[in-house]
Each structure stands twice: as structure tokens, then as C-alpha cells.
Amino acid sequence: MPKDFLKGAKDHYDVVVIGSGLAGLTSANILARNGYSVLLLEHHYQLGGMATWFKRRNGHIFDISLHGFPIGMIKSCRKYWTQEIADSIVQLKDIRFNNPQFTLQTTFNREDFTKLLTEKFGIAYETVDDFFKTARGMNFYDDQEMTTRELFEKFFPGRDDVVRLLMEPITYANGSTLDDPAITYGIVFSNFMSKGVYTFQGGTDLLVTKMKEEMERNGVDVRIRTMVEKVEVSKDRKVTGVVVNGRRIGCNAVVSNANLKTTILKLAGEENFERDYLEEAKSVRLNNSSCQVYIALKPGMGFEPCGDLLFHSEHKGFDFEAMLSRDVSSRTFSCYYPDTRPGSDRHLIVSSTNANYSDWADLSEEDYQASKEDLIETTLDCLEQYVPDVREKMDHVEAATPRTFEYYTRHVQGASFGTKFEGLKVSKELPEQIGGLYHAGSVGIIMSGWLGAVNYGVIVSNDVDKQLSLAATT
Ligand SMILES: Cc1cc2nc3c(=O)[nH]c(=O)nc-3n(C[C@H](O)[C@H](O)[C@H](O)COP(=O)(O)OP(=O)(O)OC[C@H]3O[C@@H](n4cnc5c(N)ncnc54)[C@H](O)[C@@H]3O)c2cc1C
């Protein structure tokens, strides 16, 4: 008999959360803390979604998406998780760039960027200051017509090198392009610039373990290996339950942390939506996917520090299409030194590149394996510039592709960072279409990444709380 991963689960909960990405986890925790009965369903055998890790022979632990997030995570974790989690968030101080236009080292905050832009790039202080103030002042209710390209053209006309410095890390962080609305850039860039780049000391495994403990203290019923097949909707368009691993479980509200398009088009079903909304949902564009190469050195072996994050590129200028290309010319190396997991003796490197799903989707198994092998070899060739003897010191190497991300997180086309900006409106309007159905997860660029996902989980759980408390009093 296959194991019943829903053994002991109740037949009805106040809220069912589909998916344990950072938004799903945060929504589940807040709602349980507020006294609701919450069932968290995750199809994978591990919690965290993209915020996850894997272990390999000889005790190596690889983090998937722990490269850096803004300082805002400290406040969000303190308020919506625990002080202990917030206390493990530490700054990454050594961010490097190496490309044909410039080589530099920075703490990636406003003060240091102002110094670099004025002294190294020769931009007038007033222009830099004005740019920072404009970016900082941008918010959701602003003009959404101006593109990031136009923003840069306004402040730094003809300065492709400056655009690269300002844009490349954000493109890596959330897949945004020069053609996306400037507000998405302004919000995300300013979040990083306020105090630099942060990480969770102890690794994603420790973070997610602590989150699970906190959820269980608050009474969340957490179930792994549970795939939600359907969100059940009544004739008067209200959520009544979900079907998971073939079993029906009733509920008053569903928070879906699954991909926005999957939530609407597959889980809830097209027939339950108004035509205009459905068309809008269908036309939402997904963000790109990613490739990664994971490299672990032999236990106890190390390398000369080459930054915490290293933005390496051989391409002549900032070029989004080139960053996605299978013919890789730009990579971000995340270097994990022993203090990532205090007490460890491990040095690991994860190389990340943005990627097109279509470059990988239709390859035969043989071509797919060969392409992965090529990705690994070319990455090691590139890395030898920074870690000359990496091939001799290496203990383990493997690659992930858009197919890997699709497989583990069920994101359509392995989308790493949710959807383009228009997805946010569709996500927010979901409960107006189906009473009690909410979406929380990477969406609209500004709500993606670790901080965006956690904060969107907070916003959505507040909406669910309002709905449920209103229902209880009427
Ligand atoms: C390679 C890479 C590097 C990144 N680096 C960074 C970084 O350095 N900093 C940063 O801030 N962000 C980074 N990100 C982005 C960040 O990790 C994500 O934006 C964020 O973790 C997404 O959280 P989420 O809540 O949207 O859910 P997701 O992580 O997308 O998780 C969704 C969950 O729902 C589950 N699910 C889906 N469908 C079902 C179903 N039907 N039934 C049950 N479960 C289901 C999935 O299995 C998954 O666990 C990176 C992403 C990638 C891919």
C-alpha cells in the first residue's frame, strides 16, 4: 500500500494553503497564529519551493536561491516569523563585477554606489542623488507607463556601462528587463540599495526547519508529498474545498502559492471565471527561467575569496537576450564560504544564469544530458579564472535547468520569478472572481524574490483574515 500522506488530516479546515514557497509558508503561519485551522499542502518531499536546498555525498549542502535579498527580510521575519530567524540574517559585503566595461568591488548600497558612480564613472553627484531619490520615491500607484529603459535614458543617456552596473544584478535577481515598468526597477533596486545584500546564516535548510517548527507551534497541519489536483468551486463561485492526492478536503478559503496561471487555468478551471478576466489571465507573461551549476570542493579545501556574489560577463554591454542565451556569456557566481554554515569546512560555488525554457524543453534525453554536460564544462572553464585549480579540488558538480525548476516547483515553463508586472493585478483580483480563492507568490516582479514573496504572503493572509472574520460575524 502506498503511504497515505494525508493520514489523520481533518475533512475541513478554515484555510488550505497550496504550496510551501516563502509566500505560502508565511500565509500559513500568520493565519494559524491568528487562530484559524490551516492545512499546508506541498507536492514536493521538502518545504520551501524555490527557497530550498539539496544534499549530496560527503555532506555537501547546496542552496538553490540563497544568493541575496534586501534588508527588509529582517523586519518581515521578526514580525511574521520569529526573532531567532531574523537574528540569523547577515550582510554580504563583498559584491564584485567583472566584465569588459569595468571591474569593481562594492558593498552594493547607496553610499558605495554613489561613490562609484561619481568617482569611477564620472557622473555628477546631483544626477546620482536625483536618480536615487527618484527610484526611492517610486511606488505602486505611480505612473506605470515609463519603462526602465526610459528611466536610465533620462538620467544616464548613452551610458551603457552605468546601465549595466545598475541593471545587471536586478535582472539576475528577478528577470526584469529594460522594457518592464520603471517602478518595478525602482522598488526592487531601492530595497537593495537601502542597506546592501543580506543572506541567512545557517543556510536554507536551517531557515526552513525553523519555519516548520514555528508553523507547528502555531498549529499548521503541514503535509508534504501532497499534490492538489483541483480547487472546488460552488455554483455561486465560492471556494468549498480542494482535491488533493485523490481526497476531497473542505475549506472556507484557499491560498494558492502555485503558479498564478496554473491556479486560474488548471486548479480552479476556466469555466469558473468571467471571460474578460480569463483573457487577462491568459495574456499574463511569465518571467524567464534559470540554469544553475552547483560545485562543491573536497571537504576542507578552499579558494582565495573572490567575492560573495560575482557578476561575471564576457558580453560587451548589458544585453538581456544575451543573458538568457543558451550560449552563455554572463554568469553570477555565489560563493559559499564555511561561515555560511558556521562550523562547516565547506567551500561551494553556485553559478546561476537566466535561461529560456524553450532552449531546453524539447531536447531529447540524450541531447539534454549532453547540453547539461556542456553547461557544466563551460562553467568550470569560466570559473578557472577565479579558482584556478577548481577541477582538481572539486568533489561534486551537477547542473539544473528550466526543466529541473519546472519539475520541482510545478511552475509553468520553470519560471523562476513568477510573472511580468501585469500578473499582479490578476493575482489581486482573484478573490473578486471566486470568493475565498487567493493567490500569494512571486508575481508582478515587485512581489518576487524572497522579500517580495514573504511580503505578498503577509498581504494576502491579511485579506483572508478579513474575509474569514467578516464571515464569522455575519
Ligand atoms: C535559481 C534561482 C535563484 C534565485 N535567487 C534568489 C535570490 O538570490 N534572492 C531572492 O530574493 N530570490 C531569489 N530567487 C527567487 C525566489 O527564490 C523566489 O521568488 C521565491 O522563493 C518564490 O517564492 P513563492 O512563494 O513564490 O513560491 P515558490 O518558491 O514558487 O513555491 C511554490 C510552491 O508551491 C508548490 N506547488 C505548486 N503547485 C502545487 C500543487 N498543485 N500542489 C501542491 N504544491 C504545489 C511547489 O512545489 C512549490 O513548493 C531565485 C530563484 C531561482 C529559481
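Select Gly35 to begin: this residue follows helix α1 and has a positive phi, near 100°. The model on display is a predicted one, and the tour proceeds from this point back into the helix, then to the core, the domains, the ligand and two outlying residues.

**Helix α1**

Select residues 22-33, which form α1. Twelve residues at 1.5 Å each should span 16 Å, and the C-alpha atoms at the two ends are 16 Å apart, which agrees. Colour the helix by burial next. Eleven of its twelve residues are buried, so α1 is largely enclosed by the rest of the structure. The buried set runs through Leu22, Ala23, Gly24, Leu25, Thr26, Ser27, Ala28, Asn29, Ile30, Leu31 and Ala32. To see what encloses them, display β1 (12-18), β2 (38-41), α2 (72-80), α9 (203-217), β12 (247-256) and α18; the buried residues of α1 pack against these elements.

**The nonpolar core**

Move to Val15, Val16, Val38 and Val254, the residues with the most contacts inside the largest nonpolar core, which has 131 residues. Centre the view on Val15. Leaving out residues up to four places away in sequence, Val15 touches Leu31, Tyr36, Val38, Cys251, Asn252, Ala253, Val255 and Val464. Leu31 in this list is also one of the buried residues of α1.

**Domains and their contact**

Colour the chain by domain: domain 1 comprises 12-45 + 224-285 + 418-473, domain 2 comprises 53-91 + 198-204 + 288-409, and domain 3 comprises 109-195. The centres of domain 1 and domain 2, taken over C-alpha atoms, are separated by 30 Å. Ten residues from domain 1 and eight residues from domain 2 make up the contact. On the side of domain 1 that touches domain 2, the elements giving two or more residues are α1 and α18. Of these, α18 gives the most, with six residues. By class, that side of domain 1 divides into five nonpolar, five polar and no charged residues.

**The ligand**

Now select the ligand and its shell. Which residues come nearest to the ligand? They are Gly19, Gly21, Gly49, His67 and Gly449, out of 40 residues around the ligand. Highlight α1 (22-33), β13 (289-297), α16 (402-409) and α18 (449-473), since each supplies at least two residues of the shell. The shell has 16 nonpolar, 22 polar and two charged residues. With the domain colours still on, note that domain 1 and domain 2 both give residues to the shell, so the ligand lies between them.

**Two further stops**

Select Phe54, in strand β3 (residues 53-56). Is Phe54 buried or exposed? Phe54 has 16 C-beta neighbours inside 10 Å and therefore counts as partly exposed. Draw a distance from Phe54 to Ser469: the two are 415 residues apart in sequence and 40 Å apart in space, C-alpha to C-alpha.

Finish at Glu314, in the loop between β14 (309-313) and α12 (320-324). Glu314 has 13 other C-beta atoms within 10 Å and is therefore partly exposed. Apart from its neighbours within four places in sequence, Glu314 is in contact with Pro100 and Ser329. Val328 lies 14 residues from Glu314 in sequence and 9.0 Å from Glu314 in space, C-alpha to C-alpha.

Notes: Residues numbered from 1 in each chain as written. Predicted model: local features only at pLDDT ≥ 70, side-chain atom pairs only at ≥ 80, totals over all residues. Near = placed C-beta within 6 Å. Helix = DSSP H or I, 4+ residues; strand = E, 2+ residues; numbered from the N terminus. Nonpolar A, V, L, I, M, F, W, Y, C, P; charged D, E, K, R; others polar. Domains from an automatic or database assignment. Expected span 1.5 Å × (residues − 1). Buried ≥ 20, exposed ≤ 12 C-beta atoms within 10 Å, placed from the backbone. Contact = placed C-beta atoms within 7 Å. Core = buried A, V, L, I, M, F, W, Y, C linked by C-beta atoms within 7 Å.
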